[in-house]
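Here's a walk through one protein chain, strand by strand and helix by helix. Have a look at the fold first, then read on.

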Amino acid sequence: MKKWIVPGVITIFFVIFLVLIVLRPDSTDDDAVKPDSFGADLTYQFTCGKTPALQALEGFMTAKGFRTLDKVKAGTKLTPDFSWMKADVVGIDSARRQIEFKVFADNTETYSVSLYSEPPTQHSKDLEDALLGFTGKTLGCKNGQVAHVDNPAGAKDLYDRSVGATETWFQQAAGIAPTAATTATPAASTK
C-alpha cells in the first residue's frame, strides 16, 4: 500500500501542473496584461532500470553548451538548501536557456526534465529531440508524460527573474556574494 502513495502524490501534482498549463492564457493581446507564470518549453519524466550517473547528465548539458550546477552537491552554500533532494542539476547556456534534471528523495526512480527558453517561446526542435534521445536512447530510460508549452512575450520579466535566480545559485556555489544586479536581471539588459 505504501508503495503507491508517493507515485500517486507525484501523479496528482503532475496532473494539476498540466491542467494549470492548459488553462493559462498562451498569448496576451494587451501589452499591459502580463502573465503571472511561465512554463517549460519541454517537460517530461523518465524512469531507468539503473540510476544514471549525474556525470552523464552534466556531460550531456556541457556538450550542448550549458554551464552546469549540481545544486544538491552545493548543499548549504545555496539559498535555499537543495541537499534534501536526490538530484537537482541545472544548466544555463549563452542563449539563456535552462535545463533542469530533478529527482526527489522520496521517489528515486522517476526523474523530471525541464527545458526553458526566453519568451516568447521559440522551440529548439534539435535540442528537444537531443534531450529526449539522450534519456531514451543513450541512457536507455523510458520517457513519459511529455508536455510542451508556448510562453507569450509578456512572460519575459518572469523569465529574467528565473535566470537571475539561477545565476545567483552559480555565484553562491562559487562562494561569490551575489549582487543586486544578478538577482533580478533587468529586461533591457538581455536584448
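Let's start in the sheet: β3 and β4 run antiparallel and are joined by six bridges. Strands here count as paired if DSSP finds at least two bridges between them. Helices (H or I, at least four residues) and strands (E, at least two) are DSSP runs, numbered from the N terminus.

A quick word on provenance: this is a predicted model, where local features need pLDDT of at least 70 and side-chain atom pairs count only at pLDDT 80 or more, while totals for chains, interfaces and linings use all residues. Residues are numbered from 1 along each chain as its sequence is written, and side-chain values use heavy atoms, with hydrogens and water left out.

**Around β3**

On its other pairing, β3 meets β2 in the antiparallel sense, over four bridges. Val89 of β3 shows both pairings at once: Asp70 stands opposite Val89, and in β4 the bridge partner of Val89 is Phe101.

How many of the residues of β3 are buried? Six of its six are, where buried means under 20% relative accessible area, exposed means over 50%, and partly exposed is in between (1.4 Å probe, protein chains only). In a regular strand the side chains alternate between the two faces of the sheet. In β3 both faces are covered, with Ala87, Val89 and Gly91 buried on one side and Asp88, Val90 and Ile92 buried on the other.

Next door, Glu100 sits in strand β4 (residues 98-103). Glu100 is an acidic residue that counts as buried, at a relative accessible area of 12%. Leaving aside residues up to four places away in sequence, Glu100 touches Lys71, Val89, Val90, Ser112, Val113, Ser114 and Tyr116; a contact means heavy atoms within 4.5 Å.

Further along, Asn107 is in the loop between β4 and β5 (110-116). Asn107 is buried as well, with a relative accessible area of 12%. Asn107 and Ile10 are 97 residues apart in sequence, yet their C-alpha atoms are 8.7 Å apart in space.

**Helix α2 and its buried side**

Helix α2 covers residues 54-63, and Leu57, Phe60 and Met61 in it are buried. These three are on the same side of α2 because they cover an arc of only 95 degrees around the axis, the arc being that of the directions from the helix axis to the C-beta atoms. The face turned away from that buried side carries the exposed residues Gln55 and Ala63.

What do the buried residues of α2 pack against? They pack against β2 (67-70), β3 (87-92), β4, β5 and α4 (125-138). Just after α2, Gly65 takes a positive phi of about 90 degrees.

**One disulfide**

A disulfide is a covalent bond between the sulfur atoms of two cysteines. The search criterion is a pair of cysteine sulfur atoms within 2.5 Å, and across the whole structure it turns up one. Cys48 and Cys141 form it, with their sulfur atoms 1.7 Å apart. Cys48 lies in the loop between β1 (42-47) and α2, and Cys141 in the loop between α4 and β6 (142-148), so the pair ties together parts that are 93 residues apart in sequence. The link is right-handed, with 90 degrees about the S-S bond, and both cysteines, Cys48 and Cys141, are buried.

**Backbone oddities**

Most residues other than glycine have a negative phi, and most peptide bonds are trans. Here are two non-glycine residues with a positive phi:

| Residue | Phi | Place |
|---|---|---|
| Arg96 | near 65 degrees | loop between β3 and β4 |
| Gln145 | about 55 degrees | strand β6 |

Arg96 belongs to the hairpin of β3 and β4, which has five residues between the strands. Buried or exposed? Arg96 counts as buried, at 13% relative accessibility, whereas Gln145 is partly exposed, with a relative accessible area of 37%.

There's a cis peptide bond too, from Pro119 to Pro120, with omega near -5 degrees. Pro120 lies in the loop between β5 and α4.

**The whole chain**

Stepping back, the chain has six helices and six strands. Along the sequence they follow the pattern α-β-α-β-α-β-β-β-α-β-α-α. Buried residues make up 42% of the 191 residues. Among contacts between residues at least 6 apart in sequence, 67% join residues at least 24 apart.
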